[in-house]
Amino acid sequence: MKRSMLLKRGAFALLLTAFGVGMYAQSPSDEEVAKQANNPLASIKTVNVHNYYMPNLYGVPDATVNQTWIRYAQPVGPLLIRVSMPFENTSFPNESPSTGLGDLNAFIIYKLSKPTSGTDFGIGPALTFPTGTNGMGADKWQAGISAIAFAHSNPVVQVGSLITWQQSFAGDGDKPNVSMLTPQLFFMFQLGKGTYLRSTGLWNFNLENGDYNVPLGLGIGKVIKSKNAVFNVFMEPQYSVLVKGMGQPQLQVFIGFNTQFH
């Protein structure tokens, strides 16, 4: 529990510091910088640190989960390769707090749209590796497909979606099979000078047992441009409006720090 609170406070302190710096840092000189800062298909090398703090789980009183994702995206010609590794900290009643790695996920997206197009679109394979420790992962190899679309022609509003489906095909035979559909909708509203409103809830549908979780979020972010990089810091509380299944988050606070290297 103490470690979870430290992670929460550390992430919050990072957010406040970045916002404070952003008030005095150089604002984006080009509206395209602000739009591309949230484009999941931007042809830019990117490192993201994302944290989900979940203080309330359905059907599990006094349980908390803190999940941190480290993501790296690398463009290679028309391809975009993204690798994501989660670190989890859980605290459940009558159990000692547990910390470990989750399952590593990777996808390769082939961009089908033209560079000058106002809407980016791509599709490609996805693969999850059973790297979980201390019971944090599914202990299953998973493969599937990912598709991304992002419309950014409007200088004020940008919308898009990342949809991934994966099915387990190997792994621990004693663990349940996995078949997950995870749509994520993006909505960005530019307020000017790099500040924007955002909603990016990640929906989860377990096609094996029928469980689902549909969170809706509303948050705020700040894009800060430097000489060789663009920093994007944000905080987005998300509340689950549709839920089925034990242990689903009722409320989660999504905090992120993205860096694009130019």
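Which strand is the place of Ile220? Ile220 sits in strand β13, residues 219-225. The views below come from a predicted model.

**View 1. A nonpolar patch on the surface includes Ile220.** Eight names make up this patch: Val156, Val159, Phe187, Phe189, Leu191, Leu197, Leu218 and Ile220. The patch covers about 640 Å². Strand β9 gives the largest share, three residues. Ile220 belongs to β13. In a regular strand, side chains alternate between the two faces of the sheet.

**View 2. Strands β8 and β9 run antiparallel.** β8 spans residues 157-171. β9 spans residues 179-192. The two are joined by 11 bridges. Look for Gly160: its bridge partner in β9 is Phe186.

**View 3. Strand β9 also pairs with β10.** β10 covers residues 195-199. Five bridges hold the antiparallel pair. Phe189 has Leu197 in β10 as its bridge partner. Both Phe189 and Leu197 also appear in the nonpolar patch. β9 and β10 make a hairpin, with two residues between the strands. Find Lys193 in the turn: its phi is positive, about 55°.

**View 4. Strand β11 is another antiparallel partner of β9.** β11 consists of residues 204-206. Two bridges link β11 with β9. Here Met180 stands opposite Asn206 of β11.

**View 5. Strands β1 and β2 form a hairpin.** β1 runs over residues 45-57, and β2 over residues 64-76. Their directions are antiparallel, and nine bridges join them. Start at Met54: its bridge partner in β2 is Val65. Six residues lie between the two strands. Gly59, in the turn, has a positive phi of about 75°.

**View 6. Strands β2 and β3 form a hairpin too.** This antiparallel pair has 13 bridges. β3 takes in residues 79-91. Asn66 is matched with Asn89, its bridge partner in β3. How many residues lie between the strands of this hairpin? There are two. Gly77 takes a positive phi near 60° in this hairpin.

**View 7. Strand β3 continues the pairing with β4.** β4 contains residues 98-101. Four bridges connect the antiparallel strands. Thr90 has Ser98 as its bridge partner in β4. The hairpin has six residues between its strands. Among the hairpin residues, Asn94 shows a positive phi near 65°.

**View 8. The second largest pocket has 16 lining residues.** Its volume is about 230 Å³. Which residues lie nearest its centre? They are Leu41, Ser43, Lys111, Pro115 and Asp120. The lining of this pocket mixes residue classes: five are nonpolar, eight are polar and three are charged.

**View 9. Lys35 and Glu32 form a salt bridge.** Their closest N and O atoms are 3.2 Å apart. Both residues lie in helix α2, which spans residues 31-36. Lys35 and Glu32 are three residues apart, about one turn of the helix. The whole structure holds three salt bridges.

Notes:
Residues numbered from 1 in each chain as written. Predicted model: local features only at pLDDT ≥ 70, side-chain atom pairs only at ≥ 80, totals over all residues. Heavy atoms only, no water. 1 Å grid on protein atoms, 1.4 Å probe; cavity = no way out; pocket = protein on both sides within 12 Å on 5 of 7 lines; lining within 4 Å. Points joined across faces, edges and corners; volume = space filled by probe spheres on them. Nonpolar A, V, L, I, M, F, W, Y, C, P; charged D, E, K, R; others polar. Pairing = 2+ DSSP bridges. Patch = residues over 30% accessible without salt bridge, like charges linked within 9 Å, V, L, I, M, F, W, Y side chains within 5 Å. Areas by Shrake-Rupley, 256 points an atom, 1.4 Å probe, with all protein chains shown as cover. Salt bridge = Lys/Arg side-chain N within 4 Å of Asp/Glu carboxyl O.
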